[in-house]
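Okay, thanks for coming, everyone. Let me put the structure up, and then I'll walk you through how the pieces pack.

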Amino acid sequence: MITTTAALEAACHRLAQSDYITIDTEFLRESTFWPELCLIQMASEEEALIVDPLADGIDLAPFFALMGDASVVKVFHAARQDIEIMVHRGDLVPHPIFDTQVAAMVCGFGESVSYDQLINRLTGTQIDKSSRFTDWSRRPLSDKQLDYALADVTHLREAYKALKAELEAEGRTDWLTDEMAILESRETYEAPPENAWKRLKLRLKKPQELCVLQAIAAWREREAQSRNVPRGRILKDDALYELAQQQPTTLEALSRLRSIPRGWERSQPGKALVAIIDEALQTPRDQMPKVPRRKHPPEGAQAANELLRVLLKMVSEQRNVAAKVIASGEDLDRIAADGEEAEVAALSGWRREIFGAQALKLINGQLGLRFRDRRVEVIELPQED
């Protein structure tokens with residue numbers, strides 16, 4: 001393992017000469033808000049190496065500089081959590097990137113294919129996953145554990161080359177570009193505390209309740225981030241719902257809530273929480289948030305949705321692309337309800353070409369579906385003058 005800044009700088013200089021590098025990280029986050037980075041694995045065509053970010057005195061600046069080098073493609077499998085770490089620790093989003101999980105979906109390997117499944121299907125190699133649940137923060141790590149970690153980037157080289165070649169052969173490189181743009185957007189990894197309430201299931205019916213929920217969810221998010229503990233260590237979700245509905249503005253009222261830990265009303269967080277609730281309740285009624293109302297789909301939308309699902313499955317199988325990449329369930333709901341007015345990815349770019357245009361014709365009565373010779377077919381329907 002690389003354990004010094006000098007060795008890391010030299011390694012990153014060598015890797016920067018490559019057209020691409022494969023990358024993976026090992027981390028823990030069971031007891032923290034932010035992932036605790038424990039290992040970094042990287043490989044080029046010529047070498048593979050492991051970096052110990054927990055080594056005394058090591059500076060990861062050379063690694064982050066490499067991640068920001070636009071001349072080197074960074075290859076990941078299921079990149080979101082790895083990139084989240086880099087955004088938090090290095091204040092950057094790697095660019096350009098290639099996610100083999102997304103590429104595999106575009107190439108017809110199914111939805112959210114795992115790394116070991118992909119490698120097995122592409123190379124026939126069976127990866128030993130017995131070290132999957134290693135505590136990567138402990139030192140020393142065994143040779144078996146290090147071999148397991150390194151395998152996550154060495155086999156990834158073959159997966160990258162195979163998928164890249166297939167994308168080029170099928171003319172689908174641009175399809176992947178659209179997906180990578182989402183992974184390369186900083187907004188994908190930013191979660192302002194003010195938006196923390198959106199993670200919760202909305203069980204509230206009154207603007208006043210939503211106003212309180214927004215305030216206390218933002219407070220919990222800031223507390224969890226500043227103390228680097230999971231949100232549930234501050235307060236459980238059920239406690240937020242009860243606080244929003246009961247709206248205690250005194251410590252005594254707070255102490256009577258079932259979801260609040262006993263004695264919590266005597267703590268500083270308890271006092272802060274009561275003050276936040278009281279402040280939220282002072283919001284003028286005309287400035288309180290509106291409770292989102294579920295939009296009832298127009299008559300016939302459910303039937304249209306069922307037909308769209310059949311069409312999507314048919315297109316997915318014909319094109320050998322995971323249905324999830326072409327259109328989401330929400331996309332289908334909105335197309336069924338709003339037609340051409342639906343602002344969804346399925347109605348733009350390559351998705352419209354292979355699915356969206358047919359979907360609109362289907363719900364407009366210009367296309368039909370029939371089952372013949374054990375398969376679903378699309379048929380043109382005669383139009384009335």
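Before I say what lies on what, one bit of vocabulary: when I talk about contact, I mean heavy atoms within 4.5 Å. And keep in mind that this is a predicted model.

Let's start with the sheet. It's an open one with five strands, in the order β3-β2-β1-β4-β5, and the pairing is mixed. On the edges you've got β3, residues 48-51, and β5, residues 97-99, each pairing on one side only. Going from one strand to the next, the twist averages 25°.

Now look at β1, residues 20-28, beside β2, residues 36-43: those two are antiparallel, with seven bridges between them. If you want a spot to click on, find Phe27, which sits opposite Leu37 in β2.

So what packs on this sheet? Helix α3, residues 80-90, does, touching β1, β2, β4 and β5, with its direction at about 80° to that of β1. Then there's helix α6, residues 143-170, lying across β1, β2, β3, β4 and β5 and running at about 140° to β1.

Okay, on to a helix pair. Helix α13, residues 301-319, packs with helix α15, residues 329-338, at about 130°, and their axes are 9 Å apart. That's why we call α13 and α15 oblique to each other. Their crossing is right-handed.

Who's meeting whom there? From α13, the residues include Leu308, Arg309 and Leu312, and from α15, they include Leu332, Asp333 and Ile335. By class, that contact has eight nonpolar, two polar and two charged residues.

How values were computed. Residues are numbered from 1 along each chain as its sequence is written. This is a predicted model: local features need pLDDT of at least 70, side-chain atom pairs count only at pLDDT 80 or more; totals for chains, interfaces and linings use all residues. Side-chain values use heavy atoms; hydrogens and water are left out. Two strands pair if DSSP finds at least two bridges between them. Helices (H or I, at least four residues) and strands (E, at least two) are DSSP runs, numbered from the N terminus. Axes are lines fitted to C-alpha atoms, for helices over the stretch in contact, and angles run from 0 to 180 degrees between N-to-C directions. Angles under 35 degrees count as roughly parallel, over 145 as roughly antiparallel, 65 to 115 as roughly perpendicular and the rest as oblique. A crossing is left-handed if the near helix is turned anticlockwise from the far one by less than a right angle, and right-handed if clockwise. Ala, Val, Leu, Ile, Met, Phe, Trp, Tyr, Cys and Pro count as nonpolar, Asp, Glu, Lys and Arg as charged, and the others, Gly among them, as polar.
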